[in-house]
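Morning, everyone. I'll keep this short. Please have a look at the model on the screen before I start.

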Amino acid sequence: MRRITIFDTTLRDGEQSPGASMDLNEKLEVAQALVDLGVDVIEAGFPIASPGDFEAVRAIAGVVRGVQICGLARCNDKDIDRAWEALTGAERPRIHVFLATSAIHREFKLKMGKEEIIARAAAGVRRAKKYCDNIEFSPEDAARTEPDFLCQVVEAAIAAGATTVNIPDTVGYATPAHMGGVIQTLVDRVPNLDRAVVSVHCHNDLGLAVANSLAAVEHGAGQVECTINGIGERAGNCALEEIVMALRTRGDFYNCDTGIETTRLAPTSRLVSGITGMQVQRNKAIVGRNAFAHEAGIHQDGMLKQRSTYEIMRPEDVGVSKTDLVLGKHSGRAALADRAKALGYHVSSEELDRVFDDFKKLADRKKEIFDADIAALIDKRIGSEDDAWSLVSYEVRAASGQTPSSTVTLSRADESVSDTFFGGDGPLDALFNAIEKITGTSIVVRDFRVRSVTRGKDAQGETTIEAEHGGKLYRGRGVSTDTVEASVLAFLAAVNRVAVGSGQPLDGERPGAI
Ligand SMILES: CC(=O)SCCNC(=O)CCNC(=O)[C@H](O)C(C)(C)COP(=O)(O)OP(=O)(O)OC[C@H]1O[C@@H](n2cnc3c(N)ncnc32)[C@H](O)[C@@H]1OP(=O)(O)O
Ligand SMILES: CC(C)C(=O)C(=O)O
C-alpha cells in the first residue's frame, strides 16, 4: 500500500472561508485535534497576513509536536522571512511558497512574463531553502496553466530545492480526467520529479475536489491537501474526511492508505464546525447527521438482516457511535419491531400490526418520530381488549358565552355508534359527556393533566386522567399530536377500564405507570 501524506490546511485555506476566522486559542485547539487525528502536515497560517496569523503560526510551531508545521509565503523575501520567523520553534518546519503560473494570473494579476515567473519561483524556493530543508512550492492555478510551462516551472522549483511540488486547482475548474492528466504530464515530462513529492490541492467550485484529488492520487500524487468538513475559499477544499475514507474504503482500487485515525473524524468535524460556526449539512458524506441514518423500510429491513446491504463503512470507524434507523413515514414493520424490542416491549405480531397502523398515521402528520412517540403508541395499543371502545372521530363546537356541543363516534367489535351532546362546562366536558352517553358508563374526573411527551412544534401531547366510579379509581392515558384528541383518548381509556373492572380501591395503593 502506498502511504499518502495528509496535508491539512483547515487553519490556512479553511480559515479563508468568509466567517470562519478563529482566534489563537481556537487555532491551538484545532491544531491539537489534528495531531490526534494523525495528519502529517498542518498548514498553520499565512504569517505575513496579519500579526494574529503570525502569532498563531508561532504558537502552534512552539507547542505542537510530532507533525510538520507549515507556513505560507508569497514569492518575496518579506513573506518568506516572516514565515520562517513564525516557524523557528517548530520541531519539523515546512515553508510553503507559491506563485501563480496560469496565463490569466500572469497577465492580469502578477503582470509578469513566463521568464520572470520561473526566476521568481526559483528565487523564492532558494530563499526559503536557506532556512530549512523542507520546502513546498505551489504553482497557483496550475490546472489552468499551459502544460509545457507548468512542467518548466515545476522542474525549476525542484532544481532550486523544493521537496514537495503542490499542484493546485485554485478555482475548482478541473474535472477528474483533466486533473489526472495534469499529474500524468508532470510524471512523464519533468525529469527531476522523483526528487520531490507531488501534491494536489483541489477546490470544490464544481463539487469535484475529492474526485479530482483521487484522480491525482491515481496518477501518482503522494500528498493530498484538504480541510476538515471541506471548508475553504468559496465552495471550499477537498474534504479530509471524504478523501481519507475514499482511499480506505476503496483500498482495493487505489492501493493507498493514510496515517489518519479515522475514529477521530466525526469528533474533529464537530470541533471545527463548532468553532467556525460553519454547520455541516445533514447529508454530508462521512460526518453529516444522515451519513449513517436510514429511514426507508426496505433499507432498514436489509440493515437489520445484514448491515453491508446498505452501508459501505462502519459508523464506529469514523467516530459515529452507531447506525441510526430513523423511524418515519418510510419505515416498515421490521424497524418498528426492532425499536419496540430495544425499548423493552414484547409485542405480538397482532399488536405490532395495530401499532404499525397508528405509527403510519402519526408519521404522516409528524416529521420526526422519537422513542417517546413509539412508547406512547405501543402503550396505547398493547393489551387493548377487543370489546373495548375505540375512538373513530370527534367534533366539538365551543365559543365564549355559548353552550358547547359535541359529536363523538366510537366503535367496538363490529358496531359503530355516534351521539351528540349539548351542554357541559366546556368543549372537553361536552366530549366526555358524549362518550358517557354512548358507553353508558359515567365517571367523575378527579385529576386531569396534559403535558408534552416529545420535542418540537409537532410534539405529541399526553393527557392523563384519574377518575372515580363506584368507589374505585381508574386511570386513563391518551397520546396524540392533538391535545383534545389526547384528552378524549384518556377519558375513553378510563371508561374502558371501568368496563373490565381494572380499578384501584380509592384509598389503596396507587397504580404504577399507566
Ligand atoms: C490561492 C490562495 O489561496 S493564495 C492565499 C490567499 N490568502 C490570502 O490572500 C489571505 C491573506 N492575505 C492578506 O492578508 C493580504 O492579501 C496580504 C497581507 C498577503 C497582502 O496584502 P497587500 O500587500 O495589501 O496586497 P493585496 O492583497 O492588495 O494584493 C496582493 C499583492 O500580492 C501580489 N502577489 C500575489 N501572489 C503573489 C505571489 N505568490 N508572489 C508574489 N506576489 C504575489 C499581487 O500581485 C499583489 O501585488 P500588487 O499589490 O503589487 O499588485
Ligand atoms: C496557495 C495555494 C496552494 C492555494 O491555496 C490555491 O492555489 O488554492
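I'll go through the annotated domain, the two ligand sites and one helix pair.

First, a caution: this is a predicted model. Everything I quote is computed from that model or comes from a UniProt record, and I'll say when it is the record.

Start with the record. UniProt, in an unreviewed entry, puts "domain: Pyruvate carboxyltransferase" at residues 4–266. In the model, that span is 45% helix and 18% strand. Its end C-alpha atoms sit 21 Å apart.

The unreviewed entry also has a "binding site" feature. Which residues does UniProt list for it? They are Asp-13, His-201, His-203 and Asn-237. In sequence, these residues are spread over 225 residues. In space they cluster, with a largest C-alpha distance of 10.3 Å. One of them, His-201, belongs to strand S8, residues 197–202.

Now ligand 2. What surrounds it? The shell is Asp-13, Phe-98, Ser-138, Glu-140, Asn-166, Pro-168, Thr-170, His-201 and His-203. Look back at the record: Asp-13, His-201 and His-203 are on the UniProt list, and they are in this shell too. Two strands each supply at least two shell residues: S6, 135–140, and S7, 164–169. By class, the shell has five polar, two charged and two nonpolar residues.

On to ligand 1. Here the shell holds 16 residues. The closest are Ala-49, Arg-74, Cys-75, Phe-98 and Leu-99. Strand S5, 93–100, and helix H4, 103–110, are the elements giving two or more residues to it. The class split is seven nonpolar, five charged and four polar. Note Phe-98: it is among the closest residues to ligand 1, and Phe-98 also appears around ligand 2.

Last item, the helix pair. Two packed helices are described by the angle between their axes and the distance between the axes. For helix H1, residues 24–37, and helix H2, residues 51–63, the angle is about 40° and the axes are 10 Å apart. So H1 is oblique to H2. The crossing of H1 past H2 is right-handed.

Which residues make the contact? From H1, we have Leu-24, Lys-27, Leu-28 and Ala-31. They meet Glu-55, Ala-56, Ala-59 and Ile-60 of H2. By class, that contact has six nonpolar and two charged residues, and no polar ones.

That's my tour. Questions, please.

Methods:
Residues numbered from 1 in each chain as written. Chains lettered and ligands numbered in written order. Predicted model: local features only at pLDDT ≥ 70, side-chain atom pairs only at ≥ 80, totals over all residues. Near = placed C-beta within 6 Å. Helix = DSSP H or I, 4+ residues; strand = E, 2+ residues; numbered from the N terminus. Nonpolar A, V, L, I, M, F, W, Y, C, P; charged D, E, K, R; others polar. Axes fitted to C-alpha atoms, helices over the stretch in contact; angles between N-to-C directions. Parallel < 35°, antiparallel > 145°, perpendicular 65-115°, else oblique. Left-handed = near helix turned anticlockwise from the far one by under 90°. Contact = placed C-beta atoms within 7 Å. UniProt positions renumbered as here; feature names shortened; annotations may be inferred.
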